[in-house]
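Colleague: Before I rely on the labels attached to this model, I would like to go through them with you and hear what stands behind each one.

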Amino acid sequence: MESYFHSVTLDEKKCKGCTNCIKRCPTEAIRVRKSKARIINERCIDCGECIRVCPYHAKKAITDSLDMIKSFKYKIALPAPALYGQFDTKYARNKILNGLKSLGFDDVFEVARGAEIVTYATRKLIEKGDYKKPLISSACPAVVRLIQVRFPSLIDNLVKIESPMEVSAILAKRKTMKLHHVSDDEIGVFFITPCAAKVTSIKAPYEKDKSAVDGAISIRDVYLRLLNNMDKSNESFELEISGAEGIKWASPGGEALGLGIDNYIAVDGIHNVIKIFEEIEKDRLKDVEFVEALACTGGCLGGPLTVENAYLAKSRLKKHIKDAAKVNDVIKMDSLTITAQKEMKNEINMDDLLLSDNGISFQWKENIKHRPIMKLDEDILKAIQKLDALEKINNNLPGLDCGACGAPSCRALAEDIVRGMADETDCIFKLRERVRQLALQMSELESKMPPVLDKEQANGDGE
Ligand code: SF4
Ligand code: SF4
């Protein structure tokens, strides 16, 4: 069986078996058995929804510690644009970037810059018109996994361009090798992440063997030290390399806005994303050019590894966007042109970089594959028989989807029974029925029992 890495895991000691998480999971990946939750590996898409809803903090995301950077000669931090919204607006973006650098990094490369490059590449793709409508953003790894497991018919709609994080890592490494003469394996690139799905996409990428990113450190883990460093340090390297376009990616609609088109949908929250994907499958969004779909409500600002309330973070981000746009106004160019020119200074041609196949292209090397999670058996005949049995069991269950059995729905319990992972009596209604039947049988048997004789009768003394 294929093995899967997952950032989202369960701390069994903390789990109280309350079943809060089972119904929120978009891929029915959680069961509660013997009063403990269990994640079905092949179904989990690391969306982090269960981290948010668990009242006992029993679900967590595994990330790398800051100490890990010490194993590399040259260390680069890749901050997600969502980082800027975590701090009071008195901290300018460059102050935040310098604070991050002072945690032990040699350089900082904004992922917002990578986002601008992806925007540029997507615009080119739309201009060419050679794609399946609607084009679906591939920036959110939880959404890409969702498509892999639940909506395989939409795989061809995905934008097959590396994510801003990957693009930034590739560029940061190339820049460092060129300027500092260190080899690829001496450079450690660390994403400062708001979400668990990004961690999984680094440790187990879906469209290639290895990510260009070496580790992921959660925003939560660096937040306090970063805040402290910003207050103490007066260091000021010029670390801002992104324009407003890239920073906007942190909140819903930010990516789509940069494409310069009107007919797009920006949807956030994994359950809303599912509804939109169902509409696409029904062919009802034919007129839509582009779908920006983000698993977290509030986009990356609402990621489970952030610190600040997503709405407050969004309001703070506006200042950074405005400041970045002001710089653009002064130079009278849009931010993509400015940053494109910056790239040129490093002798990189944007079009060559993005669209050619000269070894540094940011197009996916291969397409992602469907990861079937519903297959009941490898043998097609057995699978049909099992499906038949599943339908019969399901029809026999009460259909209340109460979750008391530890499965998210009656159908999921029926499937578990067919797979040999549960029993019909896990359903409390079926258990009650069974107990009632047993009680009836017992009373019937009791009526057939010979009368109880007292001692004298048994010895025949009564004759
Ligand atoms: S929400 Fe899920 S993981 Fe958390 S305590 Fe309840 S059953 Fe356990
Ligand atoms: S991370 Fe998402 S997909 Fe995975 S178990 Fe939790 S809710 Fe389900």
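Colleague: What makes nine residues of the shell around ligand 2 nonpolar?

Modeller: The shell divides into nine nonpolar, two polar and two charged residues, and the classes are fixed by residue type: Ala, Val, Leu, Ile, Met, Phe, Trp, Tyr, Cys and Pro count as nonpolar, Asp, Glu, Lys and Arg as charged, and the others, Gly among them, as polar. A residue is near the ligand if one of its heavy atoms lies within 4 Å of it, and of the 13 residues around ligand 2, C25, C44, I45, C47 and C50 come nearest. This is a predicted model, in which local features need pLDDT of at least 70 and side-chain atom pairs count only at pLDDT 80 or more, while totals for chains, interfaces and linings use all residues. Residues are numbered from 1 along each chain as its sequence is written, chains are lettered from A and ligands numbered from 1 in the order in which they are written, and side-chain values use heavy atoms, with hydrogens and water left out.

Colleague: Why are helix 3 and helix 5 called roughly perpendicular?

Modeller: The axes of helix 3 (residues 111–128) and helix 5 come within 7 Å and cross at roughly 110°; axes are lines fitted to C-alpha atoms, for helices over the stretch in contact, and angles run from 0 to 180 degrees between N-to-C directions. Angles under 35 degrees count as roughly parallel, over 145 as roughly antiparallel, 65 to 115 as roughly perpendicular and the rest as oblique, and helix 3 and helix 5 are therefore roughly perpendicular to each other.

Colleague: Which residues make that contact between helix 3 and helix 5?

Modeller: Contact means heavy atoms within 4.5 Å, and among the residues that make it are V111 and I117 of helix 3 and M165 and L171 of helix 5. The residues of this contact of helix 3 with helix 5 divide into eight nonpolar, two polar and no charged.

Colleague: How do you know that strand 5 and strand 6 pair?

Modeller: Strands pair if DSSP finds at least two bridges between them, and two bridges join strand 5 (residues 74–79) to strand 6; strands (E, at least two residues) and helices (H or I, at least four) are DSSP runs, numbered from the N terminus. In one bridge, I76 has D107 of strand 6 as its partner.

Colleague: What is the order of the strands in the open sheet of three?

Modeller: The order is 7-11-10, with parallel pairing, and strand 7 (135–136) and strand 10 (264–268) are the edge strands, each pairing on one side only. Five bridges join strand 10 to strand 11 (residues 290–294), and I265 stands opposite V291 in strand 11.
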